[in-house]
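Biologist: I am new to this structure and would love a close look at a single part of it. Could you walk me through how the aromatic rings are arranged, and show me what lies around them?

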Amino acid sequence: MEWANDKSKGGVLAHLERLETQMSRSCKNLEDPPRETAESDLGTKIHKLRCLRDKLRAEVKQRQARIKASTANAEPDQTLEISEQEAVGGKEENMKAILQAYRFTGLSGKRTSRGVCVCISTAFEGNLLDSYFVDLVIQKPLRIHHHSVPVFIPLEEISAKYLQTNIQHFLFCLCEYLNAYAGRKYQADQLQRDFAAFLAGPLQRNSLCNLLSFTYKVEPQGRSFPFCARLLYKDLTTTLPTDVTITYQGTDASSTSWEEQRASHENLFFTKPLYQVFTSFARNGERLDMSLVS
């Protein structure tokens, strides 16, 4: 009877569809939890995540506070050491820039494990002469580890004035002293080597070559009376004398003519290098090349 009634309402197929729909609804109700349960689980997760977030924020703040406290309580020596290292690094970079910019002046250098080794090449009148080096330790304070500067050059005095405050001025001041010394020495060597025939006796000089004393004649083969010269270089950064004394020996010559020659000789020694003065003597004998005086 039921089957007949169902059949009358739509047939067997319709009845089967209704049964399938009812079964699907039942399964879905069994699988899906109630909405209240799902919302409760989600709220629990959110609460846990918020607690974890708050915990992490607190740890970050504590760590920042510890770092700030340790920085504020750092020992003065540590802070000073950092600033000193920065200062030394700046001086090293400054030294490199100086050596690169002023290489044409005779300064050159190279890096070392301690700092930098500076080479100072000297010259006079276009002639390359001796070279000297200064090995600098780049630290605070700057110091000279080793050098080849002659002992009679006032290196300690120059260092005390400029090494810690102005490296550039220290190097150029040292260059002035070394170039002037090399120039004076070169002139004295030339006088002994190339104009020995004019000298009546040995050339006397001190280590700095800032005091020269010699006796000479303007006519090597003649009978002229010899002159005695004393050249003093008070300024150790120059290659020309600051004080010249010329005297002549003999009483047979006219005092007026010999005094004129003596004065002319003094003017020459004041204004020209030694080799130019004696070149004039060799070329003109007693008649001086007065163009050299001007």
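Modeller: Happy to; here is a short tour of the aromatic rings, with a little of the setting before and after.

Please keep in mind that this is a predicted model. The protein chain has 294 residues, of which 31% count as buried, and the chain is built with 8 helices and 8 strands. Among contacts between residues at least 6 apart in sequence, 40% join residues at least 24 apart. The aromatic rings give us good examples of such links between distant parts.

Now to the rings themselves. A pair of aromatic rings is described by the distance of the centres and the angle of the planes. With centres within 6.5 Å as the rule for a pair, the count comes to 15 aromatic pairs. One of them is formed by Phe124 and Tyr186, with 5.9 Å from centre to centre and 55 degrees between the planes, a tilted arrangement. Phe124 belongs to strand β2 (residues 115-124) and Tyr186 to helix α6, so this pair links distant parts of the chain, 62 residues apart. Both Phe124 and Tyr186 are buried.

A second pair to look at is Phe195 with Phe278, also tilted, with centres 5.9 Å apart and 40 degrees between the planes. Here, too, distant parts of the chain are linked: Phe195 sits in the loop between α6 and β5 (204-205), while Phe278 is in helix α8 (residues 274-284), 83 residues apart. Phe195 counts as buried because its relative accessibility is 12%, under the 20% cut-off. Phe278 is buried too, with a relative accessible area of 0%.

These two rings also belong to a wider group. Ring pairs link Phe195, Phe198, Phe214, Tyr216, Phe227, Tyr248, Phe269, Phe278 and Phe281 into a cluster. Elsewhere, a ring has a charged partner: Arg184 lies over the face of Tyr233, at 5.9 Å from the ring centre.

Since helix α6 holds Tyr186, let us finish with a helix that packs against α6. In helix α5 (residues 155-162), the buried residues are Leu155, Ile158 and Ser159. They lie on the same side of α5, because they cover an arc of only 100 degrees around the axis. An α-helix has 3.6 residues a turn, so residues three or four places apart point the same way. Glu156 and Ala160 are exposed on the other side of α5, whereas the buried residues pack against β4 (143-147) and α6 (167-194).

Terms used:
Residues are numbered from 1 along each chain as its sequence is written. This is a predicted model: local features need pLDDT of at least 70, side-chain atom pairs count only at pLDDT 80 or more; totals for chains, interfaces and linings use all residues. Side-chain values use heavy atoms; hydrogens and water are left out. Helices (H or I, at least four residues) and strands (E, at least two) are DSSP runs, numbered from the N terminus. Buried means under 20% relative accessible area, exposed over 50%, partly exposed in between (1.4 Å probe, protein chains only). Contact means heavy atoms within 4.5 Å. The arc is that of the directions from the helix axis to the C-beta atoms. Rings of Phe, Tyr and Trp (its six-membered ring) pair if their centres lie within 6.5 Å; planes under 30 degrees apart count as stacked, over 60 as edge-to-face and the rest as tilted. A charge sits over a ring if NZ of Lys or CZ of Arg is within 6 Å of the ring centre and within 35 degrees of the ring normal.
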